[in-house]
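Visitor: I'd like to learn how to read a helical model like this one. Could we walk through a few features together?

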Amino acid sequence: MPRLTKIYTKVGDAGMTALGGGQRVPKDDLRVQAYGTVDELNSQIGVALAAGLCDRPDAELKRIQNELFDLGSDLCFVEEDKQKWPLPQVEQRHVEKLERLIDEMQVVVGPLENFILPGGSVGAAHLHVARTVCRRAERETATLAREQGVGPHVLSYLNRLSDTLFVMARYENHMQGVPEPLWRPGV
C-alpha cells in the first residue's frame with residue numbers, strides 16, 4: 001500500500017507527472033487523462049453515495065469504487081511495467097459481475113420503452129452524471145488503447161460500468177417511487 005507522508009512535492013509544477021513505473025510524462029498525456037477521468041468518475045460516484053441511495057446500489061457502488069482504484073492502477077502503468085510489479089487490475093470476473101448486476105436490476109425496472117432524460121430523484125441524477133463521466137473515461141481510454149495499449153479488460157469494464165450506472169439510475173428512481181423523466185421529442 002502506498003504511504004503518503006507529504007501531499008505536495010512541487011515536482012509537478014512544470015506540468016509533468018510520474019506514471020506508476022516512474023516515467024515522467026506531461027500532465028495532459030493520454031494515459032494521465034484516462035486515469036484522471038476514472039478518478040473523476042470515482043469522485044462522482046462518491047457524490048451519489050453521499051446524496052443517499054437505496055441499499056442495493058449503495059453496497060454495489062462501494063465495491064465498484066474499489067474496483068475503479070484497481071482500474072486506475074491498471075491505467076497508470078504502461079503495459080511493460082505490469083510484468084515488474086504485482087498490480088491490482090480489473091479482470092473478466094469484474095465485467096461479469098457488472099453484467100449480473102445489470103440483469104438483476106433490469107428485472108426490477110423492466111424494459112426501456114422510451115428514451116429517458118437524466119434526472120428524477122437526486123440519487124438517480126447523480127448516477128446519470130457518473131454515467132456520462134464513465135462514457136468519457138471509456139472514450140479517452142479507447143484513444144489511449146490505440147496509441148499505447150491498456151489492460152485487456154479495462155475497456156469492457158468501463159463500457160459495462162456505464163450501462164450499470166444507467167440501470168442503477170432507473171432502479172433508484174423506481175425504488176424511490178419517482179417517475180423517470182421521459183424524452184418528449186419536439187417539445
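Guide: Let's begin in the loop between α3 (92–109) and α4, where Ser-121 sits. Helices here are DSSP runs of H or I with at least four residues, numbered from the N terminus. Bear in mind that this is a predicted model, where local features need pLDDT of at least 70, side-chain atom pairs count only at pLDDT 80 or more, and totals for chains, interfaces and linings use all residues. Residues are numbered from 1 along each chain as its sequence is written, and side-chain values use heavy atoms, with hydrogens and water left out.

Visitor: Is Ser-121 buried or exposed?

Guide: Buried means under 20% relative accessible area, exposed over 50%, and partly exposed in between, using a 1.4 Å probe and protein chains only. Ser-121 has 10% relative accessibility, so it counts as buried.

Visitor: What does Ser-121 touch?

Guide: Contact means heavy atoms within 4.5 Å. Leaving aside residues up to four places away in sequence, Ser-121 touches Glu-172, Asn-173, Gln-176 and Val-178. A polar atom of the Ser-121 side chain also lies 3.2 Å from the backbone nitrogen of Ala-124.

Visitor: On to α4 itself. How do its end C-alpha atoms agree with the span it should have?

Guide: The expected span is 1.5 Å times one less than the number of residues. Helix α4 (residues 122–147) has 26 residues, so it should span 38 Å, and its end C-alpha atoms are indeed 38 Å apart. After α4 comes Gly-149, with a positive phi near 90°.

Visitor: And how do I read helix packing?

Guide: Two packed helices are described by the angle between their axes and the distance between the axes. Axes are lines fitted to C-alpha atoms, for helices over the stretch in contact, and angles run from 0 to 180 degrees between N-to-C directions. Under 35 degrees counts as roughly parallel, over 145 as roughly antiparallel, 65 to 115 as roughly perpendicular, and the rest as oblique. Helix α1 (residues 30–51) packs on α4 at about 170°, with the axes 8 Å apart. That makes α1 roughly antiparallel to α4.

Visitor: What about α3 and α5?

Guide: The axes of α3 and helix α5 (residues 154–176) come within 9 Å and cross at roughly 25°, so these two are roughly parallel. Residues making the contact include Leu-98 and Ile-102 of α3 and Leu-161 and Val-167 of α5.

Visitor: Where is Glu-79 found?

Guide: Glu-79 is in the loop between α2 (55–76) and α3, and is partly exposed at 22%. Its C-alpha atom is 7.2 Å from that of Gly-151, 72 residues apart along the chain.

Methods. A polar contact is a pair of N or O atoms within 3.5 Å; within protein, one must be able to donate a hydrogen and the other to accept it, and residues adjacent in sequence count only if both atoms are side-chain atoms.
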